[in-house]
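Ready for a few hands-on exercises? Load the model in your favourite viewer, try each task on your own, and then compare your route with the worked solution.

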Amino acid sequence: MSGAAAEIHERIAEEIRGLSDDLIGLSLDLHAHPELAMNEKYAAGRLTDLLRADFAVEEGVGGLPTAFRGTAGAGSPVLAFLCEYDALPGIGHGCGHNLIAAGGAGAAIALRRAAPELPGTVSCIGTPGEEGAGGKVLLLEAGVFEGVDAALMFHPGDTTMPIRHATATRQLVLEFHGVAAHAAASAQDGRSALAAMIQFFTGVDALRQFVPETSRLHGIITHGGDAPNVVPAYTRAEFMVRALTGDVVDDIVGRVEAVATAAATATGTTVRISRGLGYAERKNNHVIAGLVAGHLRRQGVPVEQPVLRGGTGSSDIGNVSLVLPTVHPYLQVMDTGTPTHSAAMTEAVALPRAQQAMLRMATALACAGADLLADPELFDAARAEFATSGPDLPS
Ligand SMILES: [Zn+2]
Ligand SMILES: [Zn+2]
C-alpha cells in the first residue's frame, strides 16, 4: 500500500469516527420506525436529509417514490454505494436494513469528504423494496444504474463473508376461482377453490423430489375461503421458487404452473397465475470483495472464506450484479447461528455491537471505493473480471 493510499484510508476512518453519532442515530431511528417495502417514506427522508450536505440529491428516481440518488464529483468512473431500508411485516427490521442504510450512506459521505481530490463520481443510491418488491430490478429497468461502474453495499448477518452465493428466485401469485354453494345442502353445485389449492400444494410436494436439491419451493395461502358452510369460490396463494440460477428457476416455475393448472382441471375450477419479478443469482466481484475484506481485516474483523451452497436467500442485488461489478459482503453483527428474518435478528441489529460493526464496514467500503478511484489499473482489473467471469455457484 502506498503512503498516499494509507493516508486516504486514515482520513476515511477519521470521517467515520466524526459521523459515528449521526450514523448510529440514523440506524436506531430507522429501527424504531420500520416501514414495509416501497413505503419507506420516513427512511428515505432521513437518508436524503443526511446526504444533502455533501451530495446533489434527487428524490423519487426511477419512478419509485422512496428511491433516491445522491451525486458528488463528476465524470467517470462512477461508484455507487447502495442503501436498503425496508422492514419485514410483523418483525420490523429483522433483516437489518437499518444498518445497510446507515452504513451505505456513511461510506459515501466519508469517501467524498476524505478524498474530494480523487477523480470520478461518488453516488449513493437508495434502493427501496428489497423484501419482495424488487426495487433494484425496477431501478435497473428505469436506467438508474446506467453509467455506474461499480456498486458496493453490504448485508448484516451472523458471519463475515466477502463473497456468498445467492439463489435466483421468482414469486408467483395463484388465484383459484370455483363456484360457491351451500357446503351441505347443495355441495354438488359447488366447485371448491380450496380443494384446488390443497391439490396444488400436495402436487408441489410430489414435484420436490424431481428438482435439483439446491432448489426451494415454498408459499402461503393468503385466502382460503370465507365460511366453513360455504364452498369456497376464491382462494389465493403467494408462492416462491428458488434455484441456483434464473434459468433453473424459470424451468421449475413452468412445472409449478402446470401443477396449478392440473389442480384446477381436477377440481372443476380455474386458476389465474401472476408471475412476479425475478431476482437473479449473484455474481460477486472478487477484485472489489478482496479490497473490502482487506480493509475489514485491517480493522481487526475476522473474515471467513465463503462457503458456497444452495438454499441461501435471494436479493435483487443479484440483478445489479449481472449488469456491473458489484459487491454485497456479509458482516457479522450478531452471534453465529442467529437466524435472519427473525425477532432475534430484529433485537440484535439495534444493539451497540451491531452499530460498531456497521461503522467498520462503512470504513471498509469507503476505503475500497477510494482504492478503485485512485488506481485505474485496479478498476480495470475489476472490470476485466466482470467481463470474463460468471456467477458464484456451489461446485
Ligand atoms: Zn431479508
Ligand atoms: Zn436483507
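**Exercise 1. One helix and its surroundings**

Task: Which residues of H5 are buried, and what covers them?

Solution. Keep in mind that this is a predicted model.

Step 1: Pick out the residues of H5 under 20% relative accessible area. The buried ones are Ala-193, Ala-196, Met-197, Phe-200, Val-204 and Leu-207.

Step 2: Look down the axis of H5. The buried residues fall within an arc of 100°, so they line one face of the helix.

Step 3: Ask what packs over them. The cover includes strand E7 (168-177), strand E8 (216-223), strand E9 (234-243) and H6.

Step 4: Check the geometry. Helix H5 covers residues 193-207, which makes 15 residues, and it spans 21 Å from its first C-alpha to its last, close to the 21 Å expected at 1.5 Å a residue.

Step 5: Inspect the N-terminal end. Here Ser-192 acts as the cap of H5, with a side-chain oxygen 3.1 Å from the backbone nitrogen of Leu-194.

**Exercise 2. The zinc ion (ligand 1)**

Task: Which protein atoms are donors of the zinc ion (ligand 1), and where in the chain do Cys-95 and His-341 lie?

Solution.

Step 1: Collect N, O and S atoms within 2.8 Å of the metal. For the zinc ion (ligand 1), the protein donors are Cys-95 (SG), Glu-131 (OE) and His-341 (NE2), at 2.0 to 2.3 Å.

Step 2: Write their spacing along the sequence, which is C-x35-E-x209-H.

Step 3: Place two of these donors on the chain. Cys-95 sits in the loop between strand E3 (78-83) and helix H3 (97-114), while His-341 sits in the loop between strand E12 (330-332) and helix H9 (343-348); the pair links distant parts of the chain, 246 residues apart.

Step 4: Compare with accessibility. Cys-95 counts as buried at 8%, whereas His-341 is partly exposed at 42%.

**Exercise 3. The zinc ion (ligand 2)**

Task: Which residues coordinate the zinc ion (ligand 2), and which residue bridges it to the zinc ion (ligand 1)?

Solution.

Step 1: Find the donors. Cys-95 (SG), His-97 (NE2) and His-155 (NE2) coordinate the zinc ion (ligand 2) at 2.0 to 2.3 Å.

Step 2: Read off their spacing in sequence, C-x1-H-x57-H.

Step 3: Assign the two histidines. His-97 belongs to helix H3 and His-155 to strand E6 (residues 155-157), so the pair ties together parts that are 58 residues apart in sequence.

Step 4: Check their burial. His-97 is buried at 0% relative accessibility, and His-155 is buried at 8%.

Step 5: Join this site to that of Exercise 2. The two zinc ions, ligand 1 and ligand 2, are 3.1 Å apart, and Cys-95 coordinates both.

**Exercise 4. Salt bridges**

Task: How many salt bridges does a search of the whole structure find, and where do the partners Arg-69 and Glu-58 lie?

Solution.

Step 1: Run the search with a 4 Å limit between side-chain nitrogen and carboxyl oxygen. It finds 19 salt bridges.

Step 2: Take Arg-69 and Glu-58, whose closest N and O atoms are 3.0 Å apart. Arg-69 is in strand E2 (residues 68-74) and Glu-58 in strand E1 (residues 56-59), so this pair ties together parts 11 residues apart in sequence. Glu-58 is partly exposed, at 34%.

Step 3: Turn to a pair within one helix. Glu-7 and Arg-11 form a salt bridge with a closest N and O distance of 2.9 Å. Both lie in helix H1 (residues 3-32), 4 residues apart, about one turn of the helix. Glu-7 is partly exposed at 46%, and so is Arg-11 at 26%.

Step 4: Look at another pair, Asp-251 and Arg-255, with a closest N and O distance of 3.9 Å. These two lie in helix H6 (residues 246-267), again 4 residues apart and about one turn of the helix.

Step 5: Follow shared partners. Glu-7, Arg-11 and Glu-117 are joined into one network by salt bridges that share partners.

**Exercise 5. A loop residue**

Task: Is Thr-66 buried or exposed, and which residues does it touch?

Solution.

Step 1: Locate Thr-66 in the loop between E1 and E2.

Step 2: Apply the under 20% limit. At 3% relative accessibility, Thr-66 counts as buried.

Step 3: List its contacts, leaving out residues up to four places away in sequence. Thr-66 touches Met-38, Asn-39, Glu-40, Lys-41, Ala-44, Tyr-85 and Pro-128.

Methods
Residues are numbered from 1 along each chain as its sequence is written. Chains are lettered from A and ligands numbered from 1 in the order in which they are written. This is a predicted model: local features need pLDDT of at least 70, side-chain atom pairs count only at pLDDT 80 or more; totals for chains, interfaces and linings use all residues. Side-chain values use heavy atoms; hydrogens and water are left out. Buried means under 20% relative accessible area, exposed over 50%, partly exposed in between (1.4 Å probe, protein chains only). Donors are N, O and S atoms within 2.8 Å of the metal (3.2 Å for Na, K and Ca); water is not among the atoms, so sites may look incomplete. The expected span of a helix is 1.5 Å times one less than its number of residues. The arc is that of the directions from the helix axis to the C-beta atoms. Contact means heavy atoms within 4.5 Å. A polar contact is a pair of N or O atoms within 3.5 Å; within protein, one must be able to donate a hydrogen and the other to accept it, and residues adjacent in sequence count only if both atoms are side-chain atoms.
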